[in-house]
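Hi there,

Here is the structure I promised to pass on. My notes follow below it, so that you can read them with the model open beside you.

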Amino acid sequence: ATLEVWRPHGAGHPDLIFLSTERYRFALLAYDAESGEIVTKAAGDVSDKTGRPCDCGQIAALDPQHRLLGLHMYDGLFKIIPALAGGTLRSEAFNVRMEELYLLDLCFLAGTPRPTLATLHEDSKHQRYLKTHEVAVRDKALSDGPWPQVAVEASASQLIALPFGGVLVLSEHSVACHSGGAVRAHQVSASGAPTLFRAHGRVDPDGTRWLLSDAAGTLYVLAIGLTDRAEVTSLTLERLGQTVAASAICYLDNGVVYLGSSCADAVLLSLSTEAHEDGSYFSELARWENLGPIVDFAVLDPEGQGQGQVVTCSGTRRDGSIRVVRSGVAFDERASLPLPGVKAMWSLHASGCGGGGGGSGGG
């Protein structure tokens with residue numbers, strides 16, 4: 001249900017992956033370079049016997065200072081898993097009560113003396129608010145945070161914690177940066193058409209550039225202008241082009257970004273500073289097919305030989321497609337070398353090696 005990167009401070013600590021499932025199990029995974037395998041550093045069950053599962057699904061939040069991590073799985077409850085200085089999770093986990101019943105998103109703020117949680121919630125009048133809480137691990141309770149509760153756009157849907165402090169609020173008509181009492185917003189579309197953001201990914205380690213993707217498959221880059229005191233001066237949103245509707249964005253390095261999608265193929269893109277002929281600022285390097293979601297299918301035997309084929313209606317919206325699935329032998333290309341004028345080929349074996357040759361011989 002959730003997948004987050006856990007990066008403990010200090011030299012010699014590799015990056016870890018925090019994973020939780022819909023059955024309320026979690027695991028902390030690491031990569032062992034010597035064996036080349038993924039190992040489990042911690043695992044457990046975080047389910048509760050009482051509690052109503054939240055309608056918005058599970059939400060995981062990791063403290064940037066690695067003091068704890070939290071899970072929102074049940075209405076009105078927030079699960080806390082404390083951590084040691086080296087990033088190791090403690091065996092004790094506990095729940096704290098939250099006043100917000102309809103929680104849309106949450107994240108931990110960076111650079112705070114105590115773990116501070118920012119929440120995006122909606123009240124009974126369908127008004128949405130941004131609120132902060134401080135987590136007292138010793139007292140196992142939440143207290144009021146350093147920011148006052150503020151009303152945000154009625155379509156606000158996501159929070160992005162910034163490494164230099166503050167939080168981005170993504171809405172259908174604007175992107176706003178909140179830092180205490182200071183707010184700076186940028187209108188998404190000049191025409192006023194709503195934009196439903198689905199995924200985001202950080203480009204620079206300092207958090208001044210972010211990649212955003214909406215439900216229509218449009219890819220944007222958000223640039224944040226800062227002063228020497230890390231105060232936000234400007235927000236600039238630029239359109240990069242049209243691609244798959246991403247549900248996850250991971251910036252790798254050197255302008256290469258991976259876009260994963262739950263309703264389309266996954267793609268690997270190379271970003272560029274110059275526009276291509278179609279007006280986009282990226283080129284596709286690789287694509288991985290995804291049959292889901294399959295909204296309908298039919299089994300056919302077009303050749304009448306008893307070997308059925310499945311024809312699927314895959315994807316959604318502009319990423320919808322009709323695909324044919326059948327059993328057979330697939331080929332995986334390992335290398336390619338252009339050789340014009342080739343008429344025949346055969347295998348060669350080194351002297352002393354057994355085995356038969358093959359193919360068509362000929363000088």
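Please keep in mind that this is a predicted model. A good place to begin is an open sheet of 4 strands, which run in the order β1-β2-β3-β4 with antiparallel pairing. β1 (2-6) and β4 (37-45) are the edge strands, and each has a single partner, so one side of each is left without a neighbour in the sheet. On average, neighbouring strands in this sheet are turned by 20° against each other, direction ignored. As general background, the strands of a sheet pair through backbone hydrogen bonds, in either a parallel or an antiparallel way.

Let me walk you through the pairs. Strand β2, residues 16-20, pairs with strand β3, residues 25-32, in the antiparallel sense over 4 bridges. If you want to find this pairing on screen, L19 stands opposite A27 in β3, and S20 has F26 of β3 as its bridge partner. F26 also helps with the next pair, as its bridge partner in β4 is G44. Between β3 and β4 the pairing is again antiparallel, and it extends over 8 bridges.

Both pairs are hairpins. β2 and β3 have 4 residues between them, and Y24 sits in that turn. The hairpin of β3 and β4 also has 4 residues between its strands, with G36 in the turn at a positive phi of about 70°.

Some backbone details may be worth a look:

- Y24, in the loop between β2 and β3, has a phi near 65°, a positive value in a residue other than glycine. Its relative accessibility is 17%, so Y24 counts as buried, the cut-off being under 20%.
- N254 is in the loop between β22 (248-253) and β23 (256-260). The phi of N254 is positive too, near 50°, and this residue is not a glycine. With a relative accessible area of 68%, N254 is exposed, because exposed means over 50%.
- G292 and P293 are joined by a cis peptide bond, with omega at about -10°. You will find P293 in the loop between β25 (282-288) and β26 (294-300).

Further along the chain, which residues does T312 touch? Leaving aside residues up to four places away in sequence, they are L291, I294, D296, F297, S321, I322, R323 and V325. T312 itself belongs to strand β27, residues 309-314. With 2% relative accessibility, T312 counts as buried. Its side chain also makes a polar contact with the side chain of S314, at 2.9 Å.

Last, a word on pockets. Rolling a probe the size of a water molecule over the atoms shows where empty space is left. The second largest pocket has a volume of about 300 Å³. It is lined by 13 residues, and those closest to its centre are R209, V221, L240, L271 and S272. Which strands each supply at least two residues of this lining? They are β19 (209-214) and β21 (232-242). The largest share, 3 residues, comes from β21.

If you are short of time, I would open the β2 and β3 hairpin to start with, where Y24 lies in the turn, and then go to T312 in β27.

Best wishes

Note on methods
Residues are numbered from 1 along each chain as its sequence is written. This is a predicted model: local features need pLDDT of at least 70, side-chain atom pairs count only at pLDDT 80 or more; totals for chains, interfaces and linings use all residues. Side-chain values use heavy atoms; hydrogens and water are left out. Two strands pair if DSSP finds at least two bridges between them. Axes are lines fitted to C-alpha atoms, for helices over the stretch in contact, and angles run from 0 to 180 degrees between N-to-C directions. Buried means under 20% relative accessible area, exposed over 50%, partly exposed in between (1.4 Å probe, protein chains only). A polar contact is a pair of N or O atoms within 3.5 Å; within protein, one must be able to donate a hydrogen and the other to accept it, and residues adjacent in sequence count only if both atoms are side-chain atoms. Contact means heavy atoms within 4.5 Å. On a 1 Å grid over the protein atoms alone, a cavity is a set of points where a 1.4 Å probe fits but cannot get out, and a pocket is an open set with protein on both sides within 12 Å along at least five of seven lines; lining residues have an atom within 4 Å of a point. Grid points are joined across faces, edges and corners, and a volume is the space filled by probe spheres set on the points.
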